[in-house]
Amino acid sequence: MENKIYIEDNFFSSGKTSIKNSRNERIGDLDLKTAFSTSITVYDIHNRELAAGKFKHFFSSNWLVSSSGEIRGTLKANWFSFAKKYTYTTHNREHQYTITSPVLSKSFTIMDERYQDVATFTRVNSFFSSPAYELTNLTDQLSAEEFIVVVMGINAMEKNQTAATSS
């Protein structure tokens, strides 16, 4: 996949949406499964599965990232931080990435252990539409499809948190 891509949820968080490049060309698909499931799958343009993500358990806040049936890593939220903060740890614990966003910001930065930026993503839609993100991959440490699953995991966690606080 390319360095700058666009992904989006849809209103009911179910079904397939296109993954597009900076020229607005479809380069893959994101399958959001059903509105009752938070699992997702990333496909290439030829409908081959590249990566997937889901919560570990129904009430879990751990988002598992997998590829070819193997767990690639785990995304966790740090709810006790003033800013939005998440940690993505690769399965073999070889790498740990910190994902942060200032309060009220729609932009996130993903940094490695050396505090080097490896990717950025920004929510680029209007207030009343489904979440859409511009993802810029700045490294070859992780694949674009793995970053997509991480971004959609954060999206799922934030939707769950919003639902929990509004009820």
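A salt bridge here is a side-chain nitrogen of Lys or Arg within 4 Å of a carboxyl oxygen of Asp or Glu. With that in hand, the side chains of Asp44 and Arg48 qualify, since their N-to-O distance is 2.9 Å and the limit is 4 Å. The model is a predicted one, and what follows walks through its charged pairs, its sheet, its aromatic rings and its core.

Searching the whole structure turns up 5 salt bridges, the Asp44–Arg48 contact among them. The two partners in that contact sit in rather unlike surroundings: Asp44 is buried, at a relative accessible area of 11%, whereas Arg48 is partly exposed, at 49%. Arg48 falls short of the exposed class because that label is kept for values over 50%. Another of the bridges links Asp29 to Arg26, with the closest N and O atoms 2.6 Å apart. Here again the acid is buried, Asp29 having a relative accessible area of 9%, while the base, Arg26, is partly exposed at 39%. A further bridge joins Asp112 and Arg114 at 3.4 Å, N to O. Asp112 is buried, with just 3% relative accessible area, but Arg114 counts as exposed at 59%.

Turning to the fold, 12 strands close into a barrel. The order is β1-β2-β3-β4-β5-β6-β7-β8-β9-β10-β11-β12, and the pairing is antiparallel. On average, and ignoring direction, neighbouring strands of this sheet are turned by 20 degrees against each other. For a look at one of the pairings, take β4 (residues 40-44) and β5 (residues 49-55): these run antiparallel and are joined by 4 bridges. Within that pairing, Ile40 stands opposite Gly53 of β5. Strand β4 also takes in residue 44, the buried Asp44 of the salt bridge with Arg48.

Next come the rings. A pair of aromatic rings is described by the distance of the centres and the angle of the planes. On that basis, the count comes to 4 aromatic pairs. Tyr88 and Tyr97 make up one of them: the ring centres are 6.3 Å apart and the planes meet at 25 degrees, so the pair is stacked. Both partners are tucked away from solvent, with Tyr88 buried at 1% relative accessibility and Tyr97 buried at 0%. Phe121 and Tyr133 form another pair, with centres 5.9 Å apart and planes at 75 degrees, so this one is edge-to-face. Phe121 belongs to strand β11 (residues 117-123) and Tyr133 to strand β12 (residues 132-137), so the contact ties together parts that are 12 residues apart in sequence. These two rings are buried as well: Phe121 has a relative accessible area of 0%, and Tyr133 comes in at 2%. Along with Phe108, Phe121 and Tyr133 form one aromatic cluster.

One ring also has a charge for company. The charged end of Lys16 sits over the ring of Tyr43, 4.6 Å from the ring centre.

Phe121 turns up again in the nonpolar interior. The largest nonpolar core holds 36 residues, and those touching the most other members are Trp63, Leu75, Ile99, Phe121 and Ile148. The largest share of this core, 10 residues, is supplied by helix α1 (residues 144-166). Phe121 thus has a part in the edge-to-face pair with Tyr133, in the aromatic cluster and in this core.

Finally, a couple of loop residues deserve a glance for their backbone angles. Most residues other than glycine have a negative phi. Leu104, however, has a positive phi of about 70 degrees although it is not a glycine. Leu104 is found in the loop between β9 (96-101) and β10 (107-111), and is exposed, with a relative accessible area of 81%. Tyr115 goes the positive way too, with a phi near 60 degrees. This tyrosine, Tyr115, is placed in the loop between β10 and β11 and counts as exposed at 63% relative accessibility.

Technical notes
Residues numbered from 1 in each chain as written. Predicted model: local features only at pLDDT ≥ 70, side-chain atom pairs only at ≥ 80, totals over all residues. Heavy atoms only, no water. Buried < 20%, exposed > 50% of the residue type's maximum accessible area, 1.4 Å probe, protein only. Pairing = 2+ DSSP bridges. Helix = DSSP H or I, 4+ residues; strand = E, 2+ residues; numbered from the N terminus. Axes fitted to C-alpha atoms, helices over the stretch in contact; angles between N-to-C directions. Phe/Tyr/Trp six-rings, centres within 6.5 Å; stacked < 30°, edge-to-face > 60°. Lys NZ or Arg CZ within 6 Å of the ring centre and 35° of its normal. Core = buried A, V, L, I, M, F, W, Y, C linked by side-chain atoms within 4.5 Å.
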